[in-house]
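Work through the exercises below with the sequence and the model open beside you, and try each task before reading its solution.

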Amino acid sequence: MSEASSADHHHREGDSSAAAAAAAAETRASKLAAGLHRALEDAAAAETREYAVILKKKQFKQVESRYIVKLRGNKNDAGGGNGGGGGGNGNGLTPPQVLSEGCRFALAATMGTMARMCGLGVGTDLADDLCTLGTHTLLSDLLRRPGCQPDLRIATRGCHALGNMLDVCGAGAARLERQAEFAAANVPVALANTLQFFPADVECAISALRLCSLLCRGSKAAAKACRRVGIVGHVQAILVLHAERGARTKQL
């Protein structure tokens, strides 16, 4: 009886130690990464819902505009009037419809928090956990969404977060692996969009150029992917634009 009870006691100790090891595997960095990723997913879901409403309103206005032009053409018996009205709507010359301030703030604030947290003592582990969760893919997707592209804060904070996730992993094989992951997640396309849309803003340009440097440093494949989407031309245009500006732009 005593031997059996002793064996049972050791078995319970083994189970408790295994449970403790499993609990210890969830570190501060992993808990923080999971929370930040969920927050970004919630903000991205809100963006999807809001932009779907924007698209429906835009489609309704286009249909309404074509209908009004057709009525005017029929009333005046002016066949050429239809072509002029359609051309004005098709070029998208009106200012882009943007998301609500709350949705844009949530996206930019979450991205900015990620960027700052990667600079803390748990930054390396946090960046690893974020990449494991696919946060870099979600960030790249958000930067390429038409609903987020008109917002300067989202572009700046997104590039800052992606840059810090690359910066903390150091050099060597780990950096090359992460650069390949970023290239596969279409980060070069998101970066090209940012450089093209916001060349005049100093903070955004610095954040985007820093990400470009970190993404291409030591990786021929990533550099090739960036050249393929026209980033070289965008960088040259930014340098020319800021060449005659104040001392604040010397970082560029």
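This is a predicted model, in which local features need pLDDT of at least 70 and side-chain atom pairs count only at pLDDT 80 or more, while totals for chains, interfaces and linings use all residues. Residues are numbered from 1 along each chain as its sequence is written, and side-chain values use heavy atoms, with hydrogens and water left out.

**Exercise 1. Describe the make-up of the chain and its exposed surface.**

Begin with the secondary structure, where helices (H or I, at least four residues) and strands (E, at least two) are DSSP runs numbered from the N terminus: the chain has 12 helices and zero strands. Next take burial, where buried means under 20% relative accessible area, exposed over 50% and partly exposed in between, with a 1.4 Å probe and protein chains only; of the 252 residues in the chain, 36% are buried. Then turn to the surface, for which accessible areas come from the Shrake-Rupley method with a 1.4 Å probe, only the protein chains shown counting as cover for residues: the chain exposes about 14,300 Å², and carbon and sulfur atoms supply 57% of this area. Finally, count contacts, meaning heavy atoms within 4.5 Å; among those between residues at least 6 apart in sequence, 78% join residues at least 24 apart.

**Exercise 2. Locate Leu40 and find which residues surround its position.**

Leu40 belongs to helix H2, which spans residues 28-76, and its relative accessible area is 0%, so Leu40 is buried. Leaving aside neighbours within four places in sequence, the contacts of Leu40 include Leu107, Met111 and Met114, as well as Thr135, Leu138, Leu139 and Leu142. Now look at helix H6 (residues 135-144), in which seven of the 10 residues are buried; among them are Thr135, Leu138, Leu139 and Leu142. As a distance check, the C-alpha atoms of Leu40 and Ala108 are separated by 9.4 Å, although their positions lie 68 residues apart along the chain as counted by number.

**Exercise 3. Set Leu195, in a helix, beside Ser219, in a loop.**

Leu195 lies in helix H9 (residues 187-197), and is buried with a relative accessible area of 2%. Beyond its neighbours within four places in sequence, Leu195 is in contact with Ala208, Leu209, Ile231, His234, Val235 and Ile238; the C-alpha atoms of Leu195 and Ile231, 36 residues apart along the chain, are separated by 7.6 Å. Ser219, by contrast, is found in the loop between helix H10 (202-216) and helix H11 (220-228), yet Ser219 is also buried, at 10%. With neighbours within four places again left aside, Ser219 is in contact with Leu176 and Gln179.
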